[in-house]
Amino acid sequence: MGVNPESNSSGKKNFACDAMLGRLARWLRLLGYDTFYSSKVKDDELLDICLRKNFILLTRDLEVFKRAVSYSLNVKLLRENSFTEQFAEIVGDFGLDLKITPDGSRCPACNGLIRGVKKEEIRNKVPVNTLNSYDSFWICSNCNQVYWMGRMWRSMIQIVEKIKNRR
Ligand SMILES: [Zn+2]
């Protein structure tokens, strides 16, 4: 679920997030990192995926963390409650590339690759006022969701700038 066959082709790190880390998974995908996430995944399944695919596991669950360590997985236990702090910790620990450009992003919903599209192609897929307010649009090659630099991207850029300024 959500694991893309094009994994590894980018040479970027791949992540798997536990079921409590949906927002983090969406942001990692927006940053272009191949990220497994499912709200329904069982612990065993998650650990198995990480073992088979060599994904970095991010978890808030101490038991899952301990098991991952016993399997010698690359795992990070997130102790911070604030999302910004969790995100900053991962950015620092894994040296994440904070360039935000939708052209390098993955679909936050399904982890598919997204590509730029002309307005004409998505004319009937987005509300008229959105179509009139933005010039650039992207579409997921997997689930066909259309994206633009709306609220989600803007809030991410703000937090990324905050994190950069701390360094
Ligand atoms: Zn998608």
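Good morning. I begin with a pairing in the sheet: Leu57 stands opposite Val75 in strand 4. Please bear in mind throughout that this is a predicted model.

Leu57 belongs to strand 3, residues 56–59, and I should like to stay with that strand for a moment. Strand 3 and strand 4 run parallel and are joined by 3 bridges. On strand 1, residues 15–17, the arrangement is likewise parallel, with 3 bridges joining it to strand 3. Within that pairing, Phe15 is found opposite Ile56. Strand 3 therefore has pairing partners in both strand 1 and strand 4.

Which way do the side chains of strand 3 point? Ile56 and Leu58 point one way, Leu57 and Thr59 point the other way, and all are buried. As a general matter, side chains in a regular strand alternate between the two faces of the sheet.

The connection from strand 3 to strand 4 also deserves mention. Together with helix 3, residues 62–70, these two strands form a right-handed β-α-β unit.

I turn now to the metal site. Which residues coordinate the zinc ion? The ligands are Cys107, Cys110, Cys140 and Cys143, each through its SG atom, at 2.3 Å. The angles among the 4 donor atoms range from 99 to 117°, and the site is tetrahedral. For reference, the ideal angle for four tetrahedral donors is 109.5 degrees. Along the chain, the donors follow the spacing C-x2-C-x29-C-x2-C. Distant parts of the chain are linked here: Cys110 sits in the loop between helix 4 (83–94) and strand 5 (114–117), while Cys143 sits in the loop between strand 6 (137–140) and strand 7 (146–147), 33 residues apart. As for solvent accessibility, Cys110 is buried, at 16% relative accessibility, whereas Cys143 is partly exposed, at 35%.

My last topic is the salt bridges. How many does a search of the whole structure find? The search finds 8 salt bridges, and I shall discuss three pairs.

The pair Lys76 and Glu89 has its closest N and O atoms 2.9 Å apart. Lys76 lies in strand 4, residues 75–77, and Glu89 in helix 4, so this salt bridge ties together parts that are 13 residues apart in sequence. Is Lys76 buried or exposed? Lys76 is buried, with a relative accessible area of 11%, and its partner Glu89 is partly exposed, at 25%. The pair also takes part in a network of salt bridges that links Lys76, Glu89 and Asp93.

Another salt bridge joins Asp135 to Lys119, with an N to O distance of 3.9 Å. Asp135 is in the loop between helix 6 (128–133) and strand 6, and Lys119 is in helix 5, residues 119–122, so the contact ties together parts that are 16 residues apart in sequence. Asp135 is exposed, at 69% relative accessibility, while Lys119 is partly exposed, at 21%.

The remaining pair on my list lies within one helix. Asp48 and Arg52 form a salt bridge whose closest N and O atoms are 3.0 Å apart. Both residues belong to helix 2, residues 43–53, and because they are 4 residues apart, about one helical turn separates them. Asp48 is partly exposed, at 36% relative accessibility, and Arg52 is exposed, at 56%.

That concludes my presentation. Thank you for your attention.

Key:
Residues numbered from 1 in each chain as written. Predicted model: local features only at pLDDT ≥ 70, side-chain atom pairs only at ≥ 80, totals over all residues. Heavy atoms only, no water. Donors = N, O, S within 2.8 Å, 3.2 Å for Na, K, Ca; no water. Tetrahedral: all angles 85-135°; square planar, octahedral: opposite > 155°, others 65-115°. Buried < 20%, exposed > 50% of the residue type's maximum accessible area, 1.4 Å probe, protein only. Salt bridge = Lys/Arg side-chain N within 4 Å of Asp/Glu carboxyl O. Pairing = 2+ DSSP bridges. Right-handed = clockwise from strand over helix to strand, strands pointing away.
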